[in-house]
Amino acid sequence: MARLQGALLPLAVVAVVVILLAVAAAAAPSERPPKAQGPKDPQPPRNDKHKPKPKPMKVKCHDRKLYPYCSGKPMECPAECPQSCFADCNSCKAVCVCSVPGACGDPRFIGGDGNAFYFHGRRDADFCVVSDRDLHINAHFIGKRGAEGMSRDFTWIQAIAVLFDGGHRLYVGARKTAAWDDDVDRLEITLDGEPVSLPQEVDSTWTSAAVPGLHVTRTKAANGVLVALDGKFKIRANAVPITDEESRVHRYGVTADDCLAHLDLAFKFDALTGDVHGVVGQTYRSDYVNRFDVKASMPTMGGDSDFATSGLFAADCAVARYAAAPGRHGDGVAKAW
C-alpha cells in the first residue's frame with residue numbers, strides 16, 4: 001500500500017500543476033474577444049447611414065361630419081413612402097404623394113388621365129406645368145450634368161410659382177442645402193412677396209387675410225405642406241434631398257456642398273376649364289390624347305419650347321392661357337391647431 005501511495009503522489013502533483021496552468025490561461029486577457037462585434041478597424045459613419053430609420057409617418061382624416069367612419073383613425077404610410085403620404089378620406093387609406101397626379105424626382109409626372117411620363121426640361125430654367133384662364137403654375141428646374149454617355153442633364157423641380165385670381169403670386173420652394181436633416185425645415189413660402197410663416201407643428205395652419213379661402217397647412221413638422229384654395233386647387237409639396245444611395249445608384253454625382261433639395265408635388269384641381277394646357281395641365285383636357293409608347297420604360301414628353309417661360313412668375317409660355325390682372329398684395333395670419 002505504501003508503495004502504491006508513493007507512486008500516486010507524483011501524478012497528483014502533475015495534475016495540480018496542469019489545473020493551475022489552465023486557470024491562469026483562462027484568466028489571461030486575450031487580444032480580441034472571440035465574439036467581438038464590428039470590424040477590426042472601425043470606419044467613421046457616413047452621413048445618415050448609421051442613424052436609425054424613422055418610424056413610418058401616420059396620417060388621419062379630420063372632418064368628422066364628412067367622414068364619420070374614417071375621421072381620427074391613424075393610418076400608417078405605405079412601405080414605399082414611409083415619410084411621404086396623406087390620408088385619402090374617401091377610401092380611408094394612406095396614399096403616397098408620388099402615386100397621384102403631380103411630379104416627383106427626376107421629374108416623373110402623373111397626369112390627370114392617370115398615366116405617368118417624364119418631362120426633363122432644362123436645368124436652371126422655368127416651365128409652365130399648368131396654364132388655365134385663372135390659374136397658372138410654373139416650375140423652376142435645377143440639375144446636374146448627366147453621367148458619361150448621357151445626352152441630357154439630370155433635373156428636379158426646386159420651386160413652383162402659382163399665379164391665381166388675376167394677380168396673386170404664391171411661391172413654394174426648397175432652399176439649397178448641403179447636409180440634409182429631416183428635422184430642419186427647408187421650405188420657403190411667400191404670397192405676393194411676403195413670407196408665409198407657420199409654427200413647426202403638424203397641422204399648424206396659416207390663413208390668408210387677403211385671399212379668402214387660401215390656407216397653408218403643415219403635413220409634417222418640417223418640409224411638408226398642403227396649399228389649398230377653396231374650390232380651386234390643393235397642392236401638396238414635400239422638400240426632399242437626393243440621398244447618397246440614390247446618387248450612387250443613378251450616378252447623380254451629388255457633392256458635399258449641395259444635396260439637390262427639391263420638391264415632390266401632388267396636385268388636385270377643382271375648377272379647370274376645357275382649354276387648360278401646360279406640361280401636366282393638358283392631360284386634364286377632355287380631348288387630350290396620350291401618344292406615349294406604353295411599352296417604353298421612360299415615356300418622355302418633349303416640346304420644351306412650348307412650355308418654357310422667361311421667368312418663374314411669367315405666364316408667357318407658348319401654350320399660356322392665363323389672363324393676368326393687376327397684382328394685389330396681402331399678408332396672412334398663422335395659427336396652430
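Student: Which residues form one aromatic cluster here?

Tutor: In this predicted model, Phe-109, Phe-117, Phe-119, Phe-127, Phe-141, Phe-292 and Phe-307 make up one aromatic cluster. A search of the whole structure turns up 11 aromatic pairs.

Student: What makes Phe-119 and Phe-307 an edge-to-face pair?

Tutor: Check two values. Their centres are 5.8 Å apart, and rings pair if the centres lie within 6.5 Å. Their planes stand at 85 degrees, and over 60 counts as edge-to-face. Both tests are passed, so the name fits.

Student: Why do you say this pair ties together parts that are apart in sequence?

Tutor: Look at where the two rings sit. Phe-119 is in the loop between β7 and β8, while Phe-307 is in helix α3, so the pair links parts 188 residues apart in sequence. Both Phe-119 and Phe-307 are buried, too.

Student: Why is the pair of Phe-164 and Phe-233 called edge-to-face?

Tutor: Same recipe. The ring centres are 5.9 Å apart, against a limit of 6.5 Å. The planes meet at 75 degrees, and the cut-off is over 60, so this pair is edge-to-face. Phe-164 belongs to strand β10 and Phe-233 to strand β17, so the pair ties together parts 69 residues apart in sequence.

Student: How do you know whether Phe-164 is buried or exposed?

Tutor: Buried means under 20% relative accessible area. Phe-164 has 1%, so it is buried. Phe-233 also comes out at 1%, so Phe-233 is buried.

Student: What about Ala-174, buried or exposed?

Tutor: Its relative accessible area is 2%; set that against the 20% limit and Ala-174 is buried. Ala-174 lies in strand β11, and among the residues it touches are Gln-158, Arg-186 and His-262.

Student: What makes the charged end of Arg-169 sit over the ring of Phe-313?

Tutor: The distance part is easy to check: the charged end is 4.4 Å from the ring centre, and the limit is within 6 Å. There is an angle condition as well, within 35 degrees of the ring normal. Arg-169 does count as sitting over the ring of Phe-313.

Student: Which strands pair in the open sheet, and in what order?

Tutor: The 7 strands run β13-β12-β11-β10-β9-β8-β19, with antiparallel pairing. At the edges are β13 and β19, each with a single partner strand, so one side of each has no neighbour in the sheet.

Student: How do you know that β8 and β19 pair?

Tutor: Count the bridges. Pairing needs at least two, and β8 and β19 have 2, in the antiparallel sense. So they pair. As for one bridge, Phe-127 has Ala-308 in β19 as its partner.

Terms used
Residues are numbered from 1 along each chain as its sequence is written. This is a predicted model: local features need pLDDT of at least 70, side-chain atom pairs count only at pLDDT 80 or more; totals for chains, interfaces and linings use all residues. Side-chain values use heavy atoms; hydrogens and water are left out. Helices (H or I, at least four residues) and strands (E, at least two) are DSSP runs, numbered from the N terminus. Rings of Phe, Tyr and Trp (its six-membered ring) pair if their centres lie within 6.5 Å; planes under 30 degrees apart count as stacked, over 60 as edge-to-face and the rest as tilted. Buried means under 20% relative accessible area, exposed over 50%, partly exposed in between (1.4 Å probe, protein chains only). Contact means heavy atoms within 4.5 Å. Lists of a residue's contacts leave out its neighbours within four places in sequence.
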